[in-house]
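Biologist: I'd like to learn how to read a structure like a modeller does. Could you walk me through one, feature by feature?

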Amino acid sequence: MGLVVSICALAAVYWVLRRLSRIGTRESYLPPGPTTTPILGNLLAFPTSRAHIRFTEWAQEYGAIFSLKLVSNNVVVVSSAKLVRELDMKGATTSDRPAIHAAEIVYGDYELVFARHGTVWRKVRRVVQEILTAEKCSQHLEIQKAEASVLMYDMLQNPENWYTHTRRYSGSVILGVAFGIHCPTYENSYVSRVYQTLWDWQQLLRPGGIPPVDIFPFLKHIPNRWAPWKDLCQQIRNKQRDLFFSLLQVCEDRVSTGNRRDSFLEYVLDRQQEYGLDKEMIAYIGGTLLEAGTETTAVNLQSFILCMTARPEIQRRAQQEIDRVVGTTRTPDKKDLDDLPYVRALIKELHRYRPVGPTAVPHATTADERIGEYLLPKGTTIFVNLWHIFRDPELYDNPDEFNPDRFLNSEFGTKPGADTTGCREDMVFGIGRRICPGRFLASNAIAMNVLNILWAFNISPAKDSVTGQPIPVDINDSIDSILLAPLPFQCEIMPRDEARAEMIKSQYASAQGVFAGLQYTYETS
Ligand code: HEM
């Protein structure tokens, strides 16, 4: 009897050890990837910053699809347009988000960007998609145009603060179209509150921002007194809710008093029953638009200024084209873009060269799915490495060069003979069913401001105060964050002539008429 017990005990130990030894080991059906270590897999090798660069190095070594084991979690990184097309087509099983415990605490399941694939996501996504169609966004072009006039005026009056002006601009546009609010300044405004909460949230989301609870779920159960990050999540949640619900209140008051501003949120409140939304969902719809639309658009503009500072000859060529079509007696209009092929190509090249989200937002599978020749089990996290796709030497000649001409020579900027399967113009906005619903609003913003800024200003490197020599900018510079934002840098922004400066001032004055219909705010609370 004793012998039987001993054999059983040994067998149990052997079984446990075998199971343990498999943890962290890559299964044969997964795509290849860097060598794993027992239990941890690739956890220690997972990049803690600028993931797109490390992912690109791995793609060069292991191919267009590779995998990482984070203990028992599977992560797959896709780095080719062809495979993105497969993801686009297999949206039914690849549209979830990975479970992120911090996001669960901060947002519950209400914030669209992080929401898991389920009833709430479907309901909210439908509404957001409906209010952000190209047609609905065109009804708000007046606000976007007026805000773009303010951006030009701010750059004229106070060019050294151009970085903050782009932030005010993008925040105030969303506040205008979503809530009917105009923020004339960055400081002490709703916009700076949005940036503060976004910053806190991104610090928390960074690898190492909190203990790895998503990989070691038992960490979730550590009592609050030993887990200060739980408090931090709660504080961010409280700050966000204060902001989201105070903005909702503004719109509810308008609806109830009839003092309307025709904003998205008023539209949603009117259809609350039809859409089956509760108050919580509506508040988070507004909050999501604000958080997802503000920094992304500003970063896009900041990258534009960076590229123009670094490449004056491209700037001149675009200005010459605009001058031929628009002239000097009026400011540009978005419709002018139809007659400006080089400027259109410049915008496409900007998205390729500096994608706002170089690894997009990770998706996750809701069922076992085949991508390429591999099996991705249910629950696999999928990153799309846009950075590598847009620098794929099989697709692009000299991919590290900022060169709008490539988009004049072919639809997707690709080199002659390249296989363009899966290439699409809006890939920078994401994949499949989760594609960015704000892409029409964002595209209007970039078009208007690129036209305005090139028409109005000459942008050049700042001069060293002692030597008078231009201070070169690093076109690859970026803040270490999920978005590829340039670090704030100095440049000279000068009106191209006095007549244009006067026109900027008069357009700014006319824009005040548009804002008169909106609620002004310097609100901080
Ligand atoms: C240049 C500007 C922008 C870029 C490059 C951008 C890019 C992206 C990307 C890559 C995603 C993830 C898509 C995916 O998971 O496959 C996304 C999601 C999202 N974006 Fe944008 N975005 C921009 C502006 C905006 C604006 C202006 C808004 C709204 C006003 C917005 C709202 C959203 C929302 C709500 C989601 C989450 C969609 C979901 O998960 O279902 N974005 N965006």
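Biologist: Let me start with a helix. How many of the 18 residues of α19 are buried?

Modeller: Keep in mind that this is a predicted model. For burial, we count the other C-beta atoms within 10 Å of a residue's own, and 20 or more make it buried. In α19, 15 of the 18 residues pass that test, so the helix is largely enclosed by the rest of the structure.

Biologist: And what should the 18 residues of α19 span?

Modeller: At 1.5 Å a residue, the expected span of α19 is 26 Å, and its end C-alpha atoms lie 25 Å apart, which agrees. You can try the reasoning again on α9, residues 162-179. That helix has 18 residues and reaches 25 Å from its first C-alpha to its last, close to the expected 26 Å. Here 16 of the 18 residues are buried, so α9 is largely enclosed by the rest of the structure. Just after α9 comes Gly-180, with a positive phi of about 70 degrees.

Biologist: Now the sheet. What is the order of its four strands?

Modeller: The general idea comes first. Strands of a sheet pair through backbone hydrogen bonds, either parallel or antiparallel. In this model the order is β1-β2-β7-β4, in an open sheet with mixed pairing. The edge strands are β1 (65-70) and β4 (363-364), each pairing on one side only. Helix α3, residues 81-89, packs on the sheet and touches β1, β2 (73-78) and β7. The direction of α3 makes about 120 degrees with that of β2.

Biologist: Which strands run parallel, and which antiparallel?

Modeller: Let's go along the sheet. β1 and β2 are antiparallel, with six bridges, and Leu-70 stands opposite Asn-73 in β2. β2 and β7 run parallel and are joined by four bridges; there, Val-76 stands opposite Ile-382 in β7. β4 and β7 (residues 381-384) are antiparallel, with two bridges. In that last pair, Ala-364 stands opposite Thr-381, while His-363 has Ile-382 as its bridge partner.

Biologist: Which way do the residues of β7 point?

Modeller: In a regular strand the side chains alternate between the two faces of the sheet. You can follow this in β7: Thr-381 and Phe-383 point one way, Ile-382 and Val-384 the other way, and all are buried. Its neighbour β2 is mostly covered too, with five of its six residues buried.

Biologist: What happens in the hairpin of β1 and β2?

Modeller: Two residues lie between the strands, and Val-71 takes a positive phi near 55 degrees in this hairpin. You can also look for positive phi elsewhere in residues that are not glycine. Asp-262 has a phi near 60 degrees, and its place is in the loop between α11 (228-257) and α12 (264-270). Asn-398 has a phi of about 40 degrees and sits in the loop between α17 (386-389) and α18.

Biologist: Are Asp-262 and Asn-398 buried or exposed?

Modeller: Use the count again, with 12 or fewer meaning exposed and the range in between meaning partly exposed. Asp-262 has 14 other C-beta atoms within 10 Å, so this residue is partly exposed. Asn-398 has 11, so this one is exposed.

Biologist: Where is Gly-413, and which residues is it in contact with?

Modeller: Gly-413 is in the loop between α18 (406-409) and α19 (439-456). A loop residue can be checked with the count as well: Gly-413 has 27 other C-beta atoms within 10 Å, so this residue is buried. Beyond neighbours within four places in sequence, Gly-413 contacts Lys-348, Glu-349, Arg-352, Tyr-396, Arg-406 and Phe-407. Tyr-396 is 17 residues away along the chain, yet the two C-alpha atoms are separated by 7.0 Å.

Biologist: Last one. How many residues surround the ligand, and which are the closest?

Modeller: The shell has 28 residues, and the closest are Ala-292, Gly-293, Gly-430, Cys-436 and Gly-438. The elements that give two or more residues are α6 (119-131), α14 (279-310) and α19. Of these, α14 gives the most, with seven residues. By type, the shell divides into 17 nonpolar, nine polar and two charged residues.

Terms used. Residues numbered from 1 in each chain as written. Predicted model: local features only at pLDDT ≥ 70, side-chain atom pairs only at ≥ 80, totals over all residues. Contact = placed C-beta atoms within 7 Å. Pairing = 2+ DSSP bridges. Axes fitted to C-alpha atoms, helices over the stretch in contact; angles between N-to-C directions. Near = placed C-beta within 6 Å. Nonpolar A, V, L, I, M, F, W, Y, C, P; charged D, E, K, R; others polar. Expected span 1.5 Å × (residues − 1).
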